Amino acid sequence: MSTTHYSPSTSAADTERYIRGKEDERGVAITCDVPGGPGAFSARARALTQNMKRDVEALHYRQSFSDEEFDPKNPEDVQRVNDLGYMLAKKMHPRSDCLVVTHTDGRGGKAHNHVLVINHDNETEKALSDYRTFHDRKAGNQRGVQSANDELMREHGLSVVKQLERAPQDWELRREDFAEGSLDREMGDRMSAALADPRSVDKAGLESVIAEQNQQHHDGERVPRMRLHTTVSKKGKNAGRETWTLYIEDDRDETKRAERLKRTSALSADFTPEGARAFFDYHQQLKEQDHERSARQAEAAERAERIAAAAQQSRDDGDLELDPRRRRGTEREDRPTDRAAEEARGVREGHGRGDEQAHRPGVDLAAVRQHVTADRERREQADRDRADAQRVRAESRREAAERRLAEFDRRGAEESRGYGLGD
């Protein structure tokens, strides 16, 4: 089951930076029609729309999936989610360049796509007019993005939402509503990044991450200081209800005051105490799983050491009974051979064990510890190898897709002079 959302982007560069991440770290799977690294797609979008004097540079869709159908921790599932995003883009706009970035860092860690399509038909050289709404439109017989998405899900044997309703207005859906470079958008971006931080397991952790953000610099300048303020209603129907407000330094004369304030609910439902709880619970669950895993490993290692220590003690006790000569060292060398042999026979006859048992080797504690350590290292390396193999497979698929798309782009450039603009 998947839901969609649409919003126009007046700055493809800003939207691409957001969905890719400042260091190109957010996308767990990426497919792009435009050859080149980060920025190549938005550069082409800018060149095409600027020449045509269009305000909207790209159409921005978000496609969200249920974790019941796709496991966000499974690289193969994540790659399939990315493929479905690309197929949705081509189903709606087959003659336009698109960029599909798959995330798993949202609320609950569920996989979702950001699909960015350049507002330009490479064949007609006109702006895109279809699939710019959520619902179907009777006027002009225009179809909405959710209808196209539902068709795609049926084609691939996936479930479809029963009611065509808008998804909750989280920050990724509302971001385009705020002007590029505005303090409102900066507050939303930073709050979103803070909530996605694994250390945000409660409000105190969230405030700590925000405080750490205040020490960062952008383009050589310190970012505006931001803080989270809490108020609790004392009367009325909302008595006892907690409300959050963000304050941020304002040196841009946007409010004529030292700080600009914004209720978090006015930015996104994710930023309210109720919305943030989903992020807190998710991070706390991951933290507990990590602690439980570490505790199990430590307990297993401690148990192995106890067993080895007990075995060593048993060996030491047995040595005292079995073979006194091993304790006496060189003393036995000074004794007559016959006497030493008689003593040895007497001990063996007295303890009731055979010769083979008398000289049975004991357990080497150091060797056991070394074995436990080596076994743990082998398991950890196997996990890393599996992860690397899965990553290589995913990268190989993406590279193959990019090569096919590059060839398609080259052939298209030969057929249409205008197609190569911005490359």
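Helix 1 and helix 2 cross in a right-handed manner, where right-handed means that the near helix is turned clockwise from the far one by less than a right angle, and left-handed that it is turned anticlockwise. The contact involves Ala12, Ala13 and Glu16 of helix 1 together with Ala40, Phe41, Ser42 and Ala45 of helix 2, contact being defined as heavy atoms within 4.5 Å. Sorted by class, five nonpolar, one polar and one charged residues form this contact; Ala, Val, Leu, Ile, Met, Phe, Trp, Tyr, Cys and Pro count as nonpolar, Asp, Glu, Lys and Arg as charged, and the others, Gly among them, as polar.

The model is predicted, so that local features need pLDDT of at least 70 and side-chain atom pairs count only at pLDDT 80 or more, whereas totals for chains, interfaces and linings use all residues. Residues are numbered from 1 along each chain as its sequence is written, and side-chain values use heavy atoms, with hydrogens and water left out.

Helix 1 spans residues 12-20 and helix 2 residues 40-52; their axes lie 8 Å apart at an angle of about 165 degrees. Axes are lines fitted to C-alpha atoms, for helices over the stretch in contact, and angles between N-to-C directions run from 0 to 180 degrees. Helices (H or I, at least four residues) and strands (E, at least two) are DSSP runs, numbered from the N terminus. The two helices, helix 1 and helix 2, are therefore roughly antiparallel, given that angles under 35 degrees count as roughly parallel, over 145 as roughly antiparallel, 65 to 115 as roughly perpendicular and the rest as oblique.

A second helix pair consists of helix 6 (residues 183-196) and helix 7 (residues 203-213), whose axes come within 9 Å and cross at roughly 125 degrees. Helix 6 and helix 7 are therefore oblique to each other, and their crossing is right-handed. Arg190, Met191, Ala193, Ala194 and Leu195 of helix 6 meet Leu206, Val209, Ile210 and Gln213 of helix 7. This contact comprises seven nonpolar, one polar and one charged residues.

In strand 5 (residues 112-118), seven of the seven residues are buried, that is, under 20% relative accessible area (exposed is over 50%, partly exposed in between; 1.4 Å probe, protein chains only). His112, His114, Leu116 and Ile118 point one way from strand 5, and Asn113, Val115 and Val117 the other way. In a regular strand, side chains alternate between the two faces of the sheet. Strand 3 (residues 58-65) pairs with strand 5 in the antiparallel sense over seven bridges, pairing requiring at least two bridges found by DSSP. Gln63 has Asn113 of strand 5 as its bridge partner. Strand 4 (residues 98-103) also runs antiparallel to strand 5, joined by six bridges, and His103 stands opposite His112.
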